[in-house]
Amino acid sequence: MITLTHPQSAMQQNEQYTPTSRALKETLAESDRPREKAKALGFSSLTTAELMAIIVGSGSQGESVVELCQRILKSYDNKLYLMARQTIKDLTKFRGIGEVKAIELLAALEIARRYQLEQVDEMPQIRTSADAYRHLRPVMQDLDHEEIWILVLNRAKRVTHRVRISVGGTTVAIGDVKIILREALERRAEGIILAHNHPSDNTSPSAADDNLTQKVKAGCNAVGIDLVDHIIVCRGNYYSYIDSSRL
C-alpha cells in the first residue's frame, strides 16, 4: 500500500501496489497518480495519456490532467506521430494547454524522435529496401512536408552519409539532379539511395517522382555511381522502385 503519511511496517511496505486501490484514490491528487504508478510499476505500465499527464502536470476546471490528455490524443486519433506534426499554436487551441505546456509536449516528442535515431547503426549495410526504409523512417515519417534525402553508400553498400537535399511543401519537394550528384561525388559515393516522403502516407509514386528517378539514374550512370533504389517513405509503409522493377 502506498501512503503519503508515516512509514508503515515492513509487511505493509511490501504490499503490492494496485492503481485502483481505494487508499491511492483517497490520498493522491489526480495529477499525482501517474507519477506514483510510474514509481511503483515502471513507466511501461502507464497509458500514453498518463505519460502525457506527467509532462502536462495539471488539468483545467472540471477536467483532470489525464482526461485532458485523453481528449488531446483522441483528437489526433490516438496517434503520437500526428501530434508531433503540430505546431505550438495548434496545441494551445486545447482548453488547458498554454504555450509552456505545448512547448513541453513537443519537446518530449522531439526527444522520442531523436531516441529513435540513436537506434540506427552508424554504418548499416543496405541489403534490401527494408533496410533502407528502417534507416530513413526515423527522420522522414513524421514530417508534415516533403523532403528529399540520399543515402550515400560505399562499395560494401554501407551507409556513410545521410544527406538532406531539399525541403518542400505538403505535396512536393524539388529534386535538383545537379545538387544530388554534387553531394554524392563530394562524399565519394559508390552508390546512392534516393528517398523522399509523402506526408499523405500514400505510397504510390507520382509522375514527378518517376521523372526524378529517371533523371537521377541517367546522371548517376554518367558519373559511375549506382542508383541503388528510390524509396518513398510513409508512416508504417514504403514504396521501392527496385522492388517494383522500375529501376
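Colleague: In this chain, what share of the contacts with a separation of 6 or more is between residues 24 or more positions apart?

Modeller: Such pairs account for 55% of those contacts, where contact means heavy atoms within 4.5 Å. This is a predicted model, in which local features need pLDDT of at least 70 and side-chain atom pairs count only at pLDDT 80 or more, while totals for chains, interfaces and linings use all residues. Residues are numbered from 1 along each chain as its sequence is written, and side-chain values use heavy atoms, with hydrogens and water left out.

Colleague: How many helices and strands does the chain have, and what makes a run count as one?

Modeller: The chain has 11 helices and five strands. They are DSSP runs numbered from the N terminus: H or I over at least four residues for a helix, E over at least two for a strand.

Colleague: What makes a residue buried, and what percentage of the chain is buried?

Modeller: Buried means under 20% relative accessible area, exposed means over 50%, and partly exposed lies in between, with a 1.4 Å probe and protein chains only. By that rule 39% of the 247 residues are buried. The chain exposes about 13900 Å², of which carbon and sulfur atoms supply 50%.

Colleague: Why is E190 called partly exposed?

Modeller: E190 has 34% relative accessibility, so it falls between the two cut-offs and counts as partly exposed. E190 sits in the loop between helix 10 and strand 3 (191–197). Its C-alpha atom is 5.4 Å from that of I225, 35 residues away along the chain. Beyond its neighbours within four places in sequence, E190 touches L153, N154, R155, G224, I225 and D226.

Colleague: Why are helix 3 and helix 4 called roughly perpendicular?

Modeller: The axes of helix 3 (residues 33–41) and helix 4 cross at roughly 115° and come within 8 Å. Angles under 35 degrees count as roughly parallel, over 145 as roughly antiparallel, 65 to 115 as roughly perpendicular and the rest as oblique. Helix 3 and helix 4 are therefore roughly perpendicular to each other. P34, R35 and K37 of helix 3 meet E50, A53 and I54 of helix 4. That contact has three nonpolar, no polar and three charged residues.

Colleague: Which residues of helix 3 are buried, and what do they pack against?

Modeller: P34, E36, K37 and A38 are the buried residues of helix 3, and they pack against helix 4 and helix 5. Just after helix 3, G42 has a positive phi of about 95°.

Colleague: What describes the packing of helix 4 and helix 5?

Modeller: Helix 4 (residues 48–56) and helix 5 (residues 65–75) pack at an angle of about 115°, with axes 8 Å apart. Among the residues making the contact are M52 and V56 of helix 4 and L68 and I72 of helix 5. By class, there are 10 nonpolar, two polar and one charged residues in that contact.

Colleague: Why are helix 10 and helix 11 called oblique?

Modeller: The axes of helix 10 (residues 177–186) and helix 11 (residues 207–223) cross at roughly 40° and come within 10 Å. That angle is in none of the named ranges, so the two helices are oblique to each other. V177, I180, L181 and L185 of helix 10 meet L212, K215, V216, G219, C220 and V223 of helix 11. These residues divide into eight nonpolar, one polar and one charged.

Key:
Axes are lines fitted to C-alpha atoms, for helices over the stretch in contact, and angles run from 0 to 180 degrees between N-to-C directions. Ala, Val, Leu, Ile, Met, Phe, Trp, Tyr, Cys and Pro count as nonpolar, Asp, Glu, Lys and Arg as charged, and the others, Gly among them, as polar. Accessible areas come from the Shrake-Rupley method with a 1.4 Å probe; for residues, only the protein chains shown count as cover.
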